Amino acid sequence: MSTSSNACVLFEHHFYILSYQGPSKKDLRKAAREAEKEAKKRETIAKHEAESAADHANDYAKDLYGYEAMNQSTTRDRVKFTKIGGLNEASAGDTITLRARVHNVRSTGKQAFVILRQRYDTIQAVCAVSDTVSKLMVKFCGILTRESLVRVEATVASAPTPISSCSQSGLELQINKLFVVSHSVPQLPFQIDDASASKAELEKEDTKYTAVGLDNRLNNRVIDLRTPANQAIFRLQSGVCALFRQYLAGMNFVEIHSPKLLGAASEGGANVFKASYFDRSAYLAQSPQLFKQMALCSDMERVFEIGPVFRAEDSNTHRHLTEFTGLDMEMEINEHYHEVLDMLDGLFVHIFKGLRDQYKHELKIVSQQYPFEDFKFMEPSLRINYVEGVKLLRENGVEMGEEEDLTTENEKFLGRLIKEKYDTDFYMLDKFPLAVRPFYTMPDAQDKKWSNSYDMFMRGEEILSGAQRIHDPAFLTERASEHGIELSTIQPYIDSFKYGAPPHGGGGIGMERVLMLYLALGNIRRTSLFPRDPKRLSP
């Protein structure tokens, strides 16, 4: 740097020092006021904390409420925990222990009213000043945050007047002890009451509820799943799987678990998810179809599977997911593929009856938020040919070819026509055109334009697709080639039929879709625990 430059910098530095006069008197007074204000605030807080500590030290109920230490499994006292739903009139006078969520709180001086919730069961708990319960304990109960988990010891009593807002309307709890097990932050993404409101309640002119959109629900699914309707929905979902398993196990089926990582696109389809698998590519299974058939070639005779299915379809509709749970079955045929239809008929009737008879309480809870008409079905189930279905559509103004596949719109319309004519929400459509079915579907022996395949429908929407499968390797190879499938990608599948394969058939059911349609929920995302669609990959 030159001498002139140094002189310039030195001049500027001295000029800054000489010109800087420090903070103004106004700024100094403002800073002094802020410091004084902060000091008073700290003093007030310290005084409040000291008073609180002194009050607590002198509180005769101090050991009856507060915050529990974090559970690290250090002790096991084998305390019996009670379920709200298990209480009845005979419970009055009993002292119980329970853990529940704080659903709502209100306080009125010497009393605090805490609504406790376990899944879809609720009860009012009262904390009132007494010889054992102090004002500070009542105050503590009155400021509990919603959704906090608490452990309560209480005496069951008959409610002086029915509590219409609680499922246990004729009982209440008189709190003896209350400890917070896990504290919830005060600000929730939305209120459980809002998320539990029915459409009718939301549309009232003087409604006290705020609508919660589906995206908001799914973005905060952990909170959304706490609503009574959702608790019931997923107990019903568990019931669908249990009834499916129960029926087929009783029919001597073997449960299998097929791989979901494949070396080639399953069934030769294009709508598959591709993943990196060490030094090569892998694909997520579109269905367990090929493995079910291979299992039958291994002499398992009858198999079923409950497992994930992946479809890379960019379908943003009310009934499509990119990952869903498949309920699949496959069985040997002795003489005719209608043996499979008979089996599926018995299976669906068993599921429908089981839901209707064993889950009445859950169905009632769902209907309170999402009203629906009872699901109707026949025994045995209605079964019509594809040609009959097309004829019925044509008679009602639909123009379509005999060998055309059903569009979604025509599916729904046909469902409405079937309901009007036969008064059933479930039916089977048999003998689909061969041109619209997968390569492994057995053609009809008398007329090759038809196939030994079928779909099944609930409330006008397809929930199962199935068929008799081709079990001859030469014919299977021919059909795959006709469909433009690269034979090398399915060679292990074709080879499994070279060593003797029994005639067989089966089908695949979309579990979430079955429940959505049974409950008429209108959107499959409501029956998926954490839905996956083209736009959603979390939570």
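**Notebook: strand pairing and a surface patch**

I began with strand E8 and found that 2 bridges join E8 to strand E10 (residues 280-284), the two running antiparallel. The model I consulted is a predicted one. For the register, I looked up Leu262 and noted that its bridge partner in E10 is Tyr283.

I then traced the sheet to which these strands belong. It is an open sheet of 3 strands in the order E8-E10-E9, and the pairing is antiparallel. I recorded strand E8 (261-262) and strand E9 (274-277) as the edges; each has a single partner strand, so one side of each lacks a neighbour in the sheet.

Next I turned to strand E6 and listed its pairings.

- I found strand E1 (residues 65-67) joined to strand E6 (residues 171-182) by 3 bridges, in parallel. Here Tyr67 has Val180 of E6 as its bridge partner.
- I noted that strand E4 (residues 121-128) also pairs with E6 in the parallel sense, over 3 bridges. Gln124 stands opposite Glu172 in E6.
- I entered strand E5 (residues 149-158) as pairing with E6 in the antiparallel sense, over 10 bridges. Arg151 stands opposite Phe179 in E6.

Last, I examined the surface. Val222, Leu529 and Phe530 make a nonpolar surface patch of about 260 Å². I located Leu529 in the segment after helix H16 (511-518). Is Leu529 buried or partly exposed? I classed Leu529 as partly exposed because its relative accessibility is 41%, and the partly exposed class lies between under 20% for buried and over 50% for exposed.

Conventions. Residues are numbered from 1 along each chain as its sequence is written. This is a predicted model: local features need pLDDT of at least 70, side-chain atom pairs count only at pLDDT 80 or more; totals for chains, interfaces and linings use all residues. Side-chain values use heavy atoms; hydrogens and water are left out. Patches are made of residues with over 30% relative accessible area and no salt bridge: like charges are joined within 9 Å, nonpolar side chains (Val, Leu, Ile, Met, Phe, Trp, Tyr) within 5 Å. Accessible areas come from the Shrake-Rupley method with a 1.4 Å probe; for residues, only the protein chains shown count as cover. A salt bridge is a side-chain nitrogen of Lys or Arg within 4 Å of a carboxyl oxygen of Asp or Glu. Helices (H or I, at least four residues) and strands (E, at least two) are DSSP runs, numbered from the N terminus. Buried means under 20% relative accessible area, exposed over 50%, partly exposed in between (1.4 Å probe, protein chains only). Two strands pair if DSSP finds at least two bridges between them.
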